[in-house]
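Trainee: Before we go through this model, I would like to ask how each descriptive term is justified, and to have every answer set against its criterion.

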Amino acid sequence: METFDPAELPELLKLYYRRLFPYAQYYRWLNYGGVTKNYFQHREFSFTLKDDIYIRYQSFNNQSDLEKEMQKMNPYKIDIGAVYSHRPNQHNTVKLGAFQAQEKELVFDIDMTDYDDVRRCCSSADICSKCWTLMTMAIHIIDRALKEDFGFKHRLWVYSGRRGVHCWVCDESVRKLSSAVRSGIVEYLSLVKGGQDVKKKVHLSEKIHPFVRKSINIIKKYFEDYALVDQDILENKESWDKILALVPETIHEKLQQNFQKHHNSLQRWEYLKKTISSQDNTKNDKCGPWLEWEIMLQYCFPRLDINVSKGINHLLKSPFSVHPKTGRISVPIDVQKVDQFDPFTVPTISSICRELDTISTNEGKRNEAESDIKHRTRDYKKTSLAPYIKVFEQFLENLDKSRKGELLKKSDLQKDF
């Protein structure tokens, strides 16, 4: 595994921002075809510099302005905010109350730490291949709903660089949504409710919403391997007591006694399902098949940070930012290959800078008169960052097609009059 030394970060970042950061694609994304005047210029960026110096309300005229500033400031972290009514870097000169966040992508933030009560392998900032399945399930469940239930087309999934994933929904109509509508969407996508003190966090009724049913079908594909084998959620009394807290007390004793007779989580889960289905539902209305699903959802369903999605002016870490603790690049995830995505093979800033050094050495000292720009377009293609930039470019391609389609539709409509 690639070792990363945070002490080297300032020097590595200089090289990364000079030779590897995909500025052209990045600008192409946030400029959205230049359709709306000043859209890029009114966008807020925030930089976190060395020693946690935090600078908000940065904004830039164009791609070259952004490049110069990033190379000058060498940010440890880049966050993207809303598109405002005025240029964010001039917000102090605007009349009080006039400076307003107007548009932003609908964003989702899923962080592994929110699952600490249900994962047994790691806690807080740590992750491993055993719990990463939670993120795989989350992407499948949320992405399916955004696409099929809401009809959103342009969804960019990004690895945070450490312990979670982000999603940027970039459709033009979505960027204009009010805070209230965003709240409604995230509410629809939330099933696990209640803080640390609440034991039972999922409550279903007999009528199961199609969204819940489809989510359960996704979880079923992973549940045995993830929950019963890797997490071993019924391994011993301590772990099965957590699950007993989620079922009616009337069956506790029966389960306690029989769990001890079985040898592993798989057998105990089968016994639990059998016990639930053998209950007379007429006498015990709490014992329907949904009980088993409530447990599966509590252990596997995505846990969204609601506030990140609700607020239009909420900042979120930028794709291609570097995580200062792990050195990993915040790379786009190919949703078609989400089951193959491995956070531990994501390039670190030290690994791609080393690849770049090797290339430069092998190619000999290139002609200094040739501009950095000319080479930069090719530089990242020679590193392990290339496939991730390709995923990003595919996403941009679809945005462009969709925009051209809309423009054609509009011009056809105008011809009809």
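Trainee: Which residue takes a positive phi in the hairpin of β6 and β7?

Mentor: In this predicted model, the residue is Gly161, whose phi is near 100°, and the hairpin has four residues between the strands.

Trainee: What makes β6 and β7 count as paired strands?

Mentor: Two strands pair if at least two bridges are found between them, and five bridges join β6 to β7 (residues 164-169), so the criterion is met, with the two strands running antiparallel. Within this pairing, Arg155 of β6 stands opposite Val169 in β7.

Trainee: How do you know that β6 and β9 pair?

Mentor: The threshold is at least two bridges, and β6 and β9 (residues 332-333) have two, so they pair, in the antiparallel sense. In β9, Pro332 is the bridge partner of Val158.

Trainee: Why are β5 and β9 said to stand at the edges of the sheet?

Mentor: The open sheet has four strands in the order β5-β7-β6-β9, with antiparallel pairing. Since β5 (106-111) and β9 each have a single partner strand, one side of each is left without a neighbour in the sheet, and that is why they are placed at the edges.

Trainee: Why is β6 described as largely enclosed by the rest of the structure?

Mentor: Buried means under 20% relative accessible area, and five of the five residues of β6 (residues 155-159) are buried, so the description follows. In a regular strand, side chains alternate between the two faces of the sheet. Here Arg155, Trp157 and Tyr159 point one way from β6, whereas Leu156 and Val158 point the other way, and all of them are buried.

Trainee: Turning to a loop residue, why is Tyr39 called buried?

Mentor: The relative accessibility of Tyr39 is 3%, and the cut-off for buried is under 20%, so Tyr39 counts as buried. Tyr39 is found in the loop between α2 (23-31) and β1 (43-49), and, leaving aside residues up to four places away in sequence, it touches Leu30, Tyr32, Val83, Glu103 and Arg175.

Trainee: What makes the approach of the Tyr39 and Arg175 side chains a polar contact?

Mentor: A polar contact requires a pair of N or O atoms within 3.5 Å, one able to donate a hydrogen and the other to accept it; the side chains of Tyr39 and Arg175 are joined by such a contact, at 2.8 Å.

Trainee: Why is α4 called roughly antiparallel to α7?

Mentor: Helix α4 (residues 129-149) and helix α7 (residues 210-230) pack at an angle of about 170°, with their axes 10 Å apart. Angles over 145 degrees count as roughly antiparallel, and therefore α4 is roughly antiparallel to α7. By class, their contact has 10 nonpolar, four polar and six charged residues; among those that meet are Leu134, Met137 and Ile141 in α4 and Phe211, Ile218 and Tyr222 in α7.

Trainee: How much of the protein is buried?

Mentor: Of the 417 residues in the protein, 52% are buried, and the protein has 15 helices and nine strands.

Terms used:
Residues are numbered from 1 along each chain as its sequence is written. This is a predicted model: local features need pLDDT of at least 70, side-chain atom pairs count only at pLDDT 80 or more; totals for chains, interfaces and linings use all residues. Side-chain values use heavy atoms; hydrogens and water are left out. Axes are lines fitted to C-alpha atoms, for helices over the stretch in contact, and angles run from 0 to 180 degrees between N-to-C directions. Angles under 35 degrees count as roughly parallel, over 145 as roughly antiparallel, 65 to 115 as roughly perpendicular and the rest as oblique. Contact means heavy atoms within 4.5 Å. Ala, Val, Leu, Ile, Met, Phe, Trp, Tyr, Cys and Pro count as nonpolar, Asp, Glu, Lys and Arg as charged, and the others, Gly among them, as polar. Buried means under 20% relative accessible area, exposed over 50%, partly exposed in between (1.4 Å probe, protein chains only).
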